[in-house]
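Hi,

Here is the structure I said I'd pass on. Have a look at it first, and my notes follow underneath.

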Amino acid sequence: MCTSTKYLFNRRNWYKMVFIMAFVPLFLLPSVAAGNELNVDINGKIVSKILAKDDQTGFPVYTGEPLQYTLNSHLDAGDTAVLKFDVPQDGLYEIWLSYLNDAKSYLPVSVTVLLDGQMPSSELRNIKLRSLWKDEEKIVKDRYGNEIPGIPYAAEEWQETGLTDPVGRIGVPYLFALNAGCHEITFCVNDGSTTLGQCTFRGTEEVNAYEHHDAQGDQLILLEGEDFESRNDVGIHAAGDFNAQLTPYDSSYRMLNHLSSSGFDTAGYQVTYRFTADQTGWYWLGANYRQNSRVDFPVFVDVLIDGKLPSDCAAGIPFAYTDDFVRSTVQAGEENQAFYLTAGEHTLTLRISDVPLAGVYRELDAMLDEINDLSLEVIRLSGGITTDMYRDYDLLSYIPDLVEMLEGWADRCDDMYEEMRPYFSNENCGLFQELLLSAAQLRRLAEEPEDLPRRLSELSTGSNSVMNYLSQQMQKVMASGISIDQIYFYQRDAVLPASTGFLASAWAGIERFFVSFTRQDYAAGMESGGEKRLQVWMARSRQYVELLQNMIDTEFTPRTGIAVDLSIMPGESKVVLANAADKAPDVVLSLAPGTPANLDIRGALKDMTQYEDFCEVADDFPSSLFVPYIYDGGVYALPETIYFCVLYYREDILEELNIPIPNTMEEVRQILPELQRRGMNFYHPSAGMGGLKYFSATLPLIMQNGGAVYGETVGATTLSSEEALKGFRELTNLFTKYNMPVDVSSGFFQQFRQGILPIGISDIWMYNQLVNAAPELDGLWNIAVIPGTVDENGDVLRWSAGNLTAMSILESTDMPDESWEFIKWFASEEVQAEYANRLAYTYGSDFLWATANEEAFKQMPIKAEHRDVILEQMQWMTDVPGVVGSYMAERELSNAFLQVVTKGVDARRALDSAIKRIDRETFRKLEEFGYYKDGEMIRELVTPTVDYVEKMIEEYNNRKKGDS
């Protein structure tokens, strides 16, 4: 008999395994020739996918009793469990796994599966084991009486899942071809912790064909969309709108009254409701919903009763586009679809599906790859992207089928459009307009193929290129959000809840209008009556403010006795205006980069070093983060969150090409020829910045080479130094000599997904997109610290100019001690960690709070290996001192960069011109603020450095030791 064992294995050879993959129906499995992909359309749905070797493609589906084996293995990240098992006959088997996830992270557990030591498909690199999320408190009320979502918890319940497509484009588990005899299946946990219970090998469960039934009777079962029992992703949540069409509704208080499309928006996400049917019978299923994420095109939803599809028509039910909430009944063809319920308790599960769009996804991916290949070939033949308008390239001699290629792509765009036409709600579907634009543009290019080198921007390199249109099309198709107010099972004679009529809606709007004059929750400048309260403004959306106010009311105020009014800051300019009008708040949170400098230089912010325990608080943050907040010997803000920059890379591509992860910029330059030879490149953040290249793009290499914008005091810029010039030349040479892309109009994210730019430096937004909008890349990408520059001691300097948000106290406050007490509380490790986790657990991974507090960041709900990389890079993160005229330094350094890269100006000459303008503006501002007059410095303005806060903290700690 086979036994279960547990050991580690080497994962480096996964990508070398190549197998046949085919799409087939569950009950009709023809033999598939090796190397072919067979697409089968049954009621518009791809049903399954075979993973088989060349000699196994004719195997039948297994029809015997399920084969069940016990694992009982607890696995942490990096652990492996191996199960040996027997199958009695050659056949196609589904593999099902029972598991119990540890409730340590909101992320699903990622597992790699090997069969007999090999990977039948790349999708098995990242199988998702999702947790089951429930609520202890379904509804929590804020201080104003508004309802906000409670914080969910991961239920400790065993679950079972079939091994299937992790991105939700295949409706059922894979079919694995197995020869009779003994086999071995390996499970390796990539991230998270779980306990694997039983592994079952079985045939497919046929789904019943739908048969028409009439829903006779008068029964009504009403479910509220926001009142779900569980969901399989933490980001799925309820929301509240002031909309009289929704229930519950109150004109004075925000009520949670629908399932939110901002969380229920991804293929594979599902919510489950529990209900009771009083009578056995057939019921129709209806919903009051809004689906405005796909213009003129439906979102598809699977309906499961008691965990199973009741019929084939219950899969991929289209919910049509609508701008507002509408009532609709689920159809089967031209009639209402009936569902059979026995008397008693049941569950209803709604699962978002992308199965009907699987063919579009595959075709878009293929076309993007093919167009990129042609673009690279044209560049190779023409000698570069910049082409001579008077030169003839005789392109058809080298690419004789060029016209056929262009017209073929245009035809494929039209075919995709026509394939989706049956689902359109309008003759011209807004969702697929990019396909029509692409087809028209491709045909225009085909009319004059010899001009393609000069019109390459229309094909692949420009912001309005075919390639960019198709990339946008891919993003638009992925949007799958749907909001649900009510769900109802009902019979023919049932009395449905009355809908809100026009007059009732109009009256509700009038009532809400008048209520708005007396209730302005979280509005800046609106103090609560009665006791004196600390006024805090936060430059974030309502979700952030609601959650923090709840923490203040339940934790901070009871502990300190300080009452706080937290308000949404409508715009940072209002802080300046409020300060001038003597109506400024006491504390401001989430100030954008550069704003603290503009305020402290005008005396609007309080110097935090005046507080005795400032150094104790500052010690929780990297000293380099304080540089933009230091002015004239004072520190006027604390770091709040970081916009980190790290190196992103595609593990699968670099591993296949045997390209190492670069540790230095010299190693980056060494890998560029190998990348470019294969039509790939390295992304530099300046390529995504448009006309103004921010410090985060232009300054890192200057700093890594020992350069700086200012010397020991603010005055003439030191960008004229040899160190700064060397760093600037290294930066511009990346584009002028090493051919890095100057402009990536379609964005790094899209080209990273396609593999065109498989490596590059980018920020937190790239991280958020990869985690939340690229499920097909899960397990295929990673991050590392940015490549640095080796100094004379052999150390690698990795300085990056990152942006921060900040928290400050206004100088005008009449509650300075209470303000500092609040700042200390909010900046503390415990509160920052709790706030970050609450945001993620309440609203999902989109709400990433990248706290600047080091110890709190160690508790961030992200992958441990990513967290360690970001923490290491955080030590090298700083910014330009927020002193007078620094905005001009950023602007002119950007201009100098563009002069060199786009116009071929010498680096020294471009930098010299920039320096003159920087110095002129710097001295003008120094004179404005009283530091400079009549050509002489009246008093020096010391340039902030990393050492400043470090020395202050060191002296503070020495005093504490001396006192003790």
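E33 and E44 run antiparallel to each other and are joined by 3 bridges. One place to check this is valine 588, which sits opposite serine 808 of E44. On the E36 side, E44 is again in an antiparallel pair, over 5 bridges, and there leucine 804 in E44 is the bridge partner of isoleucine 642. Keep in mind throughout that this is a predicted model.

Those strands belong to an open sheet of 5, ordered E32-E31-E33-E44-E36, in which the pairing is mixed. Its edges are E32 (564-568) and E36 (638-643), each of which pairs on one side only. On average, neighbouring strands in this sheet are turned by 15° against each other, if you ignore direction. The parallel part includes E31 (residues 534-538) with E32, a pairing over 5 bridges; tryptophan 537 faces serine 567 of E32 there.

What lies across this sheet? Helix H19 (residues 816-827) does: it crosses E31, E32, E33 (587-591), E36 and E44 (803-809), and runs at about 150° to E44. E44 itself is mostly covered, with 6 of its 7 residues buried.

Next along the chain, have a look at H20 (residues 829-843). With 15 residues at 1.5 Å each, this helix should span 21 Å, and its end C-alpha atoms are indeed 21 Å apart, so the two agree. H20 is largely enclosed by the rest of the structure, because 11 of its 15 residues are buried. The buried set is Val831, Gln832, Ala833, Tyr835, Ala836, Arg838, Leu839, Ala840, Tyr841, Thr842 and Tyr843. An α-helix has 3.6 residues a turn, so residues three or four places apart point the same way. After H20 comes glycine 844, with a positive phi near 100°.

There is also a sheet of 4 strands, open as well, with the order E38-E39-E37-E40 and mixed pairing. E38 (682-683) and E40 (781-784) are its edges; each has a single partner strand, so one side of each is left without a neighbour in the sheet. Inside it, E37 (residues 646-650) and E39 (residues 759-762) pair in the antiparallel sense over 4 bridges, and tyrosine 649 has isoleucine 759 in E39 as its bridge partner.

Isoleucine 870 is worth clicking on while you are there. This residue lies in helix H22 (residues 864-874), and its relative accessibility of 1% means that isoleucine 870 counts as buried. Apart from neighbours within four places in sequence, isoleucine 870 is in contact with Ile642, Phe644, Val646, Ile783, Phe857 and Ile862. Ile642 is the residue whose bridge partner in E44 is leucine 804.

Now for tyrosine 490: how far apart in space are isoleucine 870 and tyrosine 490? They are 53 Å apart, C-alpha to C-alpha, with their positions 380 residues apart in sequence. E30 (residues 483-490) is joined by 5 bridges to E17 (residues 220-224), and the two run antiparallel. Glutamate 224 stands opposite glutamine 486 in E30. E17 has two unlike faces: Ile221 and Leu223 are on the covered one, while Leu220, Leu222 and Glu224 are on the uncovered one. In a regular strand the side chains alternate between the two faces of the sheet.

Last residue on my list: is glutamine 291 buried or exposed? Its relative accessibility is 0%, so glutamine 291 counts as buried. The residue is found in strand E22 (residues 281-291). What does its side chain reach? One partner is the backbone oxygen of phenylalanine 297, at 2.9 Å, and the backbone oxygen of phenylalanine 319 lies 3.1 Å from a polar atom of the glutamine 291 side chain. Beyond neighbours within four places in sequence, the contacts of glutamine 291 are Phe297, Pro298, Val299, Phe319, Ala320, Tyr321, Thr322, Gly481 and Ile482.

A word on confidence before you dig in. The chain has a mean pLDDT of 87, and 92% of its residues reach 70 or more. Residues 1-47 are below 50, though this stretch has 125 contacts in the model beyond near neighbours in sequence. Where pLDDT is low, the predicted coordinates should not be read in detail.

Cheers

Definitions and conventions
Residues are numbered from 1 along each chain as its sequence is written. This is a predicted model: local features need pLDDT of at least 70, side-chain atom pairs count only at pLDDT 80 or more; totals for chains, interfaces and linings use all residues. Side-chain values use heavy atoms; hydrogens and water are left out. pLDDT is the predictor's confidence in each residue, from 0 to 100. Contact means heavy atoms within 4.5 Å. The expected span of a helix is 1.5 Å times one less than its number of residues. Buried means under 20% relative accessible area, exposed over 50%, partly exposed in between (1.4 Å probe, protein chains only). Two strands pair if DSSP finds at least two bridges between them. Axes are lines fitted to C-alpha atoms, for helices over the stretch in contact, and angles run from 0 to 180 degrees between N-to-C directions. A polar contact is a pair of N or O atoms within 3.5 Å; within protein, one must be able to donate a hydrogen and the other to accept it, and residues adjacent in sequence count only if both atoms are side-chain atoms.
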